[in-house]
Amino acid sequence: MARGNGRNSDRQGSGRPTMTDIARIAGVSQSSVSLVLNEMSGSRISAETQQKVREAAHKIGYQLPATRSPVATAPRVEKDTIAFIVDEISTSPHPVVSLDGIRDYAFEQGLLVSAHATRSNPDLEEAVLRSVLRDPAIAGVIYATIFTRKVSVPPALKSIPTVLLNCYCEPRQHVAIVPGEVAGGFTATAHLTSLGHKRIGFINGEPWMDAAMDRLKGYKQALATADIAFDETLVRDGDWLPLRGYEAGLELLSMDNPPTAIFCGNDLMAIGVMEAVQEKGLRVPHDISVMGYDDQELARYTHPPLSTLVLPNYEMGQRAAEILIDMAIHDKPMRPMTIKVDGPLVVRETTGATRKA
């Protein structure tokens, strides 16, 4: 009886050794194997794990890239890249922060991210999808939108693991990661009611947007929880920009019975409200509390610093990357569902206890 080759005894089958074989023997992911064997700098992989990968490669006779013959057949390309496809990325910080979350989590798992902005151009999106789908290194796609909305998922994405980010489809066909906007509106308003405020103005975003509708729901729910009747005269529609915040703030502050606190649908409108408060000769938060939403970088540098609620773009990006990697790399089945990620309250100096009886 012929004796088997000891170097290949840990492999199933008789084909060329692959990184998949090494990953199984070393007990690590294929992506980690790829990073170690290709000596990619900056990989966050321990020396012990790197040693295990190299020993497993040597054990089954896997040829390292530096030792392969130039005429040898190239190995199959490892799927080590996530494609991030978004309709817009340059007009708002939110998709950029989501991309940071995706990139950081993916890199920890040994994957890289390629980003593509389609500018809502169908032809450009089609070209991006063609490029992504023919790239053998792409493990899966995170398909995102700049503002939360329902989308029609391109049929081409049925052939590749896909997670929706900041968007959703009906009927559900994919895992969708969206912000918990109702919970956010509730938390922001409940912070003000906990300080004793009963007349709370609300300057919302554009009313047709999902975010605006859900934040209004949260505002109403928090009032009801505190046994405060909803008063539609305290609500104004905005456009997410400082000028409209300023205008709506002046309207609310000019009422015969003005609010003691104003909750704004985002930080930019809150900045406009603070300007209106100053113009009226009032002080924040001594005379009126102002609450923002989003926790943009500038919220730390207003005078006084703005209390707000985090829009969890970074955490949403991380969650999308985690689920996609589980599906595409670890072959974990995921049923279509919508996952809502809540953001924490950030209390700074623009909110305080009411001074009206």
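**Two pockets in a predicted model**

Good morning. α7 gives the most to the lining of the second largest pocket, contributing 4 residues. I begin with this helix, and I note at once that the structure is a predicted model.

Let me stay with the second largest pocket. It holds about 280 Å³ of space. Its lining is made up of 15 residues, and those that lie nearest its centre are Tyr168, Val178, Asp210, Asp214 and Lys340. Which elements give two or more residues to this lining? They are β5, residues 175-179; α6, residues 181-194; α7; and β11, residues 338-341. By class, the lining of the second largest pocket comprises 7 charged, 6 nonpolar and 2 polar residues.

I turn now to the largest pocket. About 480 Å³ of space lies within it. How many residues line the largest pocket? There are 23, and nearest the centre lie Ser92, His94, Ile146, Phe147 and Trp240. Two or more residues of this lining come from each of α4 (93-108), β3 (138-150) and α7 (210-225). Here the largest share belongs to β3, with 3 residues. As for the classes, 11 residues of the lining of the largest pocket are nonpolar, 8 are polar and 4 are charged.

To close, I return to the helix with which I began. α7 is among the elements that give two or more residues to the lining of the largest pocket, and α7 also gives 4 residues to the lining of the second largest pocket. I would therefore invite you to locate residues 210-225, the span of α7, in the structure before you. Thank you.

Definitions and conventions: Residues numbered from 1 in each chain as written. Predicted model: local features only at pLDDT ≥ 70, side-chain atom pairs only at ≥ 80, totals over all residues. Heavy atoms only, no water. 1 Å grid on protein atoms, 1.4 Å probe; cavity = no way out; pocket = protein on both sides within 12 Å on 5 of 7 lines; lining within 4 Å. Points joined across faces, edges and corners; volume = space filled by probe spheres on them. Nonpolar A, V, L, I, M, F, W, Y, C, P; charged D, E, K, R; others polar.
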